[in-house]
Amino acid sequence: MKRASLAVLAALGLCASAQAQDASDAVPTPFAVSKSAQLLTGDTWRDGDQLFRLYGVQSCLRGTSAEEPSGNKMDCGNTSLAHLAALFDSAAVTCQPIGYALDKAVFVVCGAQLNGETIDVGTALIATGYAFAATTAKGKAVDENYLVAEINAKMKRAGLWGTTFQHPVQLLLSQRSEKQQ
């Protein structure tokens with residue numbers, strides 16, 4: 001009887017393992033960003049009860065300031081947010097889920113249809129100077145292509161690079177360092 005029970009438990013364990021593996025092998029389905037999505041930052045939005053975040057992209061932080069050469073100050077994060085909103089409003093955007101953030105946000109890579117061309121949303125935001133290449137906790141770029149786009153935007157003084165601001169990645173890394181001390 002014990003052997004039969006163990007055999008049944010082992011078989012159930014194998015079935016459960018196979019189901020879990022099948023579920024993890026499922027390819028997430030691309031989806032169109034809803035025009036009713038609630039934009040939270042220049043890289044994060046909520047649609048229904050789901051939170052989405054652009055993978056490899058770091059927007060300027062809301063509540064931080066950027067100062068134009070004329071002395072005019074603006075909220076850096078709201079500026080990033082406005083450019084994501086403009087892109088989402090002017091183009092059909094489709095995203096591919098690729099993983100999860102620690103806060104359970106779904107990391108996505110998105111493409112926007114503009115003038116018959118598909119452009120990567122992250123590259124568009126970073127190359128125009130309204131977002132930045134996200135990094136790991138050790139400061140290494142998550143996506144090297146995004147880092148190249150950021151360096152080019154900085155050299156051209158595009159977007160926020162034409163202002164004085166505190167780089168959001170540096171801010172986040174220093175906040176993380178302070179918390180660890």
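Here are a few exercises on this predicted model, each with a worked solution.

Local features need pLDDT of at least 70 and side-chain atom pairs pLDDT 80 or more, while totals for chains, interfaces and linings use all residues. Numbering runs from 1 along each chain as its sequence is written, and side-chain values use heavy atoms, without hydrogens or water.

**Exercise 1. Find out which elements feed the largest nonpolar core.**

Let's start with the inventory: the protein has 5 helices and 12 strands (DSSP runs numbered from the N terminus; helices are H or I with at least four residues, strands are E with at least two). Next, the core itself. A nonpolar core is a set of buried Ala, Val, Leu, Ile, Met, Phe, Trp, Tyr and Cys residues joined through side-chain atoms within 4.5 Å. Buried means under 20% relative accessible area, exposed over 50%, and partly exposed in between (1.4 Å probe, protein chains only). The largest core has 25 residues, and W45, L54, V108 and V121 have the most contacts inside it. Two or more residues come from each of β4, α2 (76–90), β8, β9, α3 (121–127), β11 (131–133) and α4 (144–156). A second, separate core has 10 residues, including Y130, L160, W161 and F165.

**Exercise 2. Work out how F31 and F52 pair up, and what the pair ties together.**

The structure holds 7 aromatic pairs. To count, rings of Phe, Tyr and Trp (its six-membered ring) need centres within 6.5 Å; planes under 30 degrees apart are stacked, over 60 edge-to-face, and the rest tilted. F31 and F52 sit 4.8 Å centre to centre with 35° between the planes, a tilted pair. F31 is in strand β1 (residues 31–32) and F52 in strand β4 (residues 50–54), so the pair ties together parts 21 residues apart in sequence. Both F31 and F52 are buried. Zooming out, F31, W45, F52 and F88 make one aromatic cluster.

**Exercise 3. Follow Y55 from its ring partner to the surface patch.**

First, the partner: Y55 and F107 pair edge-to-face, 5.4 Å centre to centre with 85° between the planes. Y55 lies in the loop between β4 and β5 (57–59) and F107 in strand β9 (residues 106–114), 52 residues apart. Now the exposure: Y55 is partly exposed at 30% relative accessible area. I98, in strand β8 (residues 92–100), is partly exposed too, at 44%. Finally, Y55, I98 and V109 form a nonpolar surface patch with about 230 Å² of accessible area together. A patch takes residues with over 30% relative accessible area and no salt bridge, joining nonpolar side chains (Val, Leu, Ile, Met, Phe, Trp, Tyr) within 5 Å and like charges within 9 Å. A salt bridge puts a side-chain nitrogen of Lys or Arg within 4 Å of a carboxyl oxygen of Asp or Glu. Accessible areas come from the Shrake-Rupley method with a 1.4 Å probe, and for residues only the protein chains shown count as cover.
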